[in-house]
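Got the structure open in your viewer? Here is a short walk through it, one selection at a time.

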Amino acid sequence: MSTYHIQTYGCQMNYSDTERMEAYLQALGYDKSATFDEADLIMFNTCSIRQSAEDRVYGHMRTIEQMRRKHRKITVVVTGCMVRKSSSRYSSQRDKLFGTMRELDIALRTEELPKLATLAREIDPESKIPEIKEESLEDYFKIDPTHSSHQSKAQAFVAISNGCDKFCTYCIVPYSRGREKSRDVQDILKECEKLVENGCKEITLIGQTVNSYGLSQYDKEEKTFEFLGEKEPFIYLLEEVDKLHEKGLVRTRFTSPHPKDMSDQLIHAMATLKTHMPYLHLPVQAGDNRTLKRMNRTYTVEHYRKIMAKLRSAIPGISISTDIIVGFCGETEEEFENTYNFFNEMDFEHGYISQYSERSGTTAAKFIKDDITDQTKQERWNKLNDGLLRAKSKKAHERFLGKIVHVLVENQEGKKCLGRSEHYKTVQFAAASGSNLLGEIVPVRITKAMEWILEGELA
Ligand code: SF4
């Protein structure tokens with residue numbers, strides 16, 4: 001039997017996509033390979049957020065070249081953010097990646113996964129890949145994911161939309177994944193129900209801008225959610241998923257929302273639904289209106305500040321993290337200082353700070369000069385990440401000292417357990433000898449607060 005290996009990079013959305021890719025390959029008759037070296041089909045599910053993420057894929061191509069020199073027959077597929085056009089090495093119109101990746105056989109846009117069988121036959125007409133007849137394998141969102149990203153069946157990602165309509169100037173997603181499309185609400189609910197029946201306790205709804213579910217241009221044209229009247233489609237979805245509490249669902253989360261679509265309805269739902277956890281990752285990207293404008297983030301610092309105040313008033317103690325890009329095109333010292341001060345003022349408990357790197361094909365790459373030196377980007381990153389973020393994270397952790405939190409155990413090696421609390425804090429503790437807590441939610445008293453992790457003991 002032929003085997004596959006998928007190498008995944010980037011965000012949770014990519015990991016969720018990989019679960020669909022696995023299901024599709026298994027339907028084609030492929031088995032999961034234990035190692036990269038033994039697989040017959042190697043797929044790279046790529047991320048373009050930084051050059052380094054792309055460089056890692058190019059690095060693997062050199063390994064593949066060596067494997068092929070030893071006469072290993074391998075099919076090489078690249079999917080995810082690096083791809084614009086689904087094509088094979090023999091297609092008349094090929095993705096531009098074929099110009100820089102000599103080892104590449106197939107370039108595949110994520111949502112065009114069902115084209116993989118045809119493209120694989122194009123490169124190897126002798127292959128035994130079967131004709132796909134099942135309707136469920138012809139539509140990307142109908143493919144039943146393997147839910148293999150988590151170690152236990154107690155947690156799952158559920159994708160609710162794909163693509164993006166926001167067009168931030170630094171981002172490639174609207175071009176690589178295309179315009180935003182929402183998944184059928186009944187399909188999402190059926191998937192959630194099945195997961196809960198199989199023991200899932202925590203569902204994370206995911207989408208590029210998850211809270212614009214049902215509000216995309218495409219949804220408006222299709223009038224898909226007109227039946228809801230004033231209620232926002234995302235709220236309806238959250239409420240319906242929350243009803244699964246009766247069947248055993250304990251926690252829901254969602255990621256990542258866009259500040260523009262953080263409505264009062266949504267904040268109310270987060271505060272009142274039984275299963276929603278007191279945590280939110282809300283990317284701000286910059287704390288200066290001029291920078292935000294050049295990024296085309298379509299909100300202001302003042303708007304973001306109001307949302308934060310509403311969230312903290314509706315959900316006391318909520319933990320909020322964010323994303324920041326430093327060194328974006330034209331970022332002056334004053335603009336950076338505003339971002340730094342805003343991070344401080346908002347008291348973010350955690351954050352992913354990245355240095356801007358120009359991505360080919362984006363609006364910024366075409367029209368805005370990347371004029372900040374690498375040294376300045378590094379200095380700004382150091383100041384925000386090592387200076388402020390560490391201190392904020394440690395301070396946020398200290399408020400849990402001596403308190404009991406409930407941890408969903410994601411990983412257990414011997415007695416050593418690791419999991420997340422209600423506030424999405426990473427907590428480490430020891431299980432009793434011989435007990436298996438993987439997938440359980442257990443009370444843990446916090447005894448030590450470090451910068452990135454909490455330590456505790458079973459309560
Ligand atoms: S909201 Fe902006 S950063 Fe996020 S996926 Fe869409 S274009 Fe990219």
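Start with β7 and strand β10, residues 202-206: these two pair in the parallel sense over five bridges. Keep in mind as you click around that this is a predicted model. For one rung of that pairing, pick Ala159 and look across to its bridge partner in β10, which is Ile206.

Now widen the selection. β7 and β10 belong to an open sheet of three strands, in the order β7-β10-β11, with parallel pairing. At the edges sit β7 (155-159) and β11 (251-255), each of which pairs on one side only. Turn the view a little and check the twist: neighbouring strands in this sheet are turned by 20 degrees against each other on average, direction ignored. If you're new to sheets, it helps to know that strands pair through backbone hydrogen bonds, either parallel or antiparallel.

**Two backbone oddities**

Next, select Thr255 and Ser256. A cis peptide bond joins this pair, with omega at about -10 degrees. Ser256 itself is placed in the loop between β11 and α8. Then hop over to the loop between α3 (116-123) and β7, where you'll find His147. What is the sign of phi at His147? Phi is positive there, about 50 degrees, although His147 is not a glycine. Both stops deserve a click, because most residues other than glycine have a negative phi, and most peptide bonds are trans.

**The ligand**

Time to show the ligand and whatever surrounds it. Select Cys164, Lys166, Phe167, Cys168 and Cys171, then add Val173, Pro174, Gln208, Thr209 and His258: together these residues surround the ligand. How do the residues of the shell divide into nonpolar, polar and charged? Colour the shell by type and you should get six nonpolar, three polar and one charged.

**Back to the start of the chain**

Go to strand β1, residues 3-8. Five bridges tie β1 to strand β3 (residues 41-46), and the two run parallel. To see where they line up, select His5, which stands opposite Ile42 in β3. β1 also has a parallel partner in strand β2 (residues 31-32), joined to β1 by two bridges. Here the residue to pick is Thr3, standing opposite Asp31 in β2. Follow the chain from β1 to β2 and you pass through helix α1 (residues 12-27); this β-α-β crossover is right-handed.

**A second three-strand sheet**

Now look for another open sheet of three strands, ordered β12-β13-β14, again with parallel pairing. Its edge strands are β12 (279-281) and β14 (350-355), and each pairs on one side only. On average, neighbouring strands here are turned by 10 degrees against each other, direction ignored. Zoom in on strand β13 (residues 319-326), which pairs with β14 in the parallel sense over six bridges. One spot to try is Ile325, whose bridge partner in β14 is Ser354.

**Two helix pairs to finish**

Switch to a cartoon view for the last stops. Two packed helices are described by the angle between their axes and the distance between the axes.

Select helix α8 (residues 264-272) together with helix α10 (residues 301-314): their axes come within 9 Å and cross at roughly 25 degrees. That makes α8 roughly parallel to α10, since angles under 35 degrees count that way. As for handedness, α8 passes α10 in a right-handed crossing.

For the other pair, highlight helix α11 (residues 333-346) and helix α13 (residues 374-398). The axes of α11 and α13 come within 11 Å, crossing at roughly 15 degrees. So α11 is roughly parallel to α13, and their crossing is right-handed.

Notes
Residues are numbered from 1 along each chain as its sequence is written. This is a predicted model: local features need pLDDT of at least 70, side-chain atom pairs count only at pLDDT 80 or more; totals for chains, interfaces and linings use all residues. A residue is near a molecule or strand if its C-beta atom, placed from the backbone, lies within 6 Å of it. Ala, Val, Leu, Ile, Met, Phe, Trp, Tyr, Cys and Pro count as nonpolar, Asp, Glu, Lys and Arg as charged, and the others, Gly among them, as polar. Two strands pair if DSSP finds at least two bridges between them. Helices (H or I, at least four residues) and strands (E, at least two) are DSSP runs, numbered from the N terminus. A crossover is right-handed if, with the strands pointing away from the viewer, the path from the first strand over the helix to the second runs clockwise. Axes are lines fitted to C-alpha atoms, for helices over the stretch in contact, and angles run from 0 to 180 degrees between N-to-C directions. Angles under 35 degrees count as roughly parallel, over 145 as roughly antiparallel, 65 to 115 as roughly perpendicular and the rest as oblique. A crossing is left-handed if the near helix is turned anticlockwise from the far one by less than a right angle, and right-handed if clockwise.
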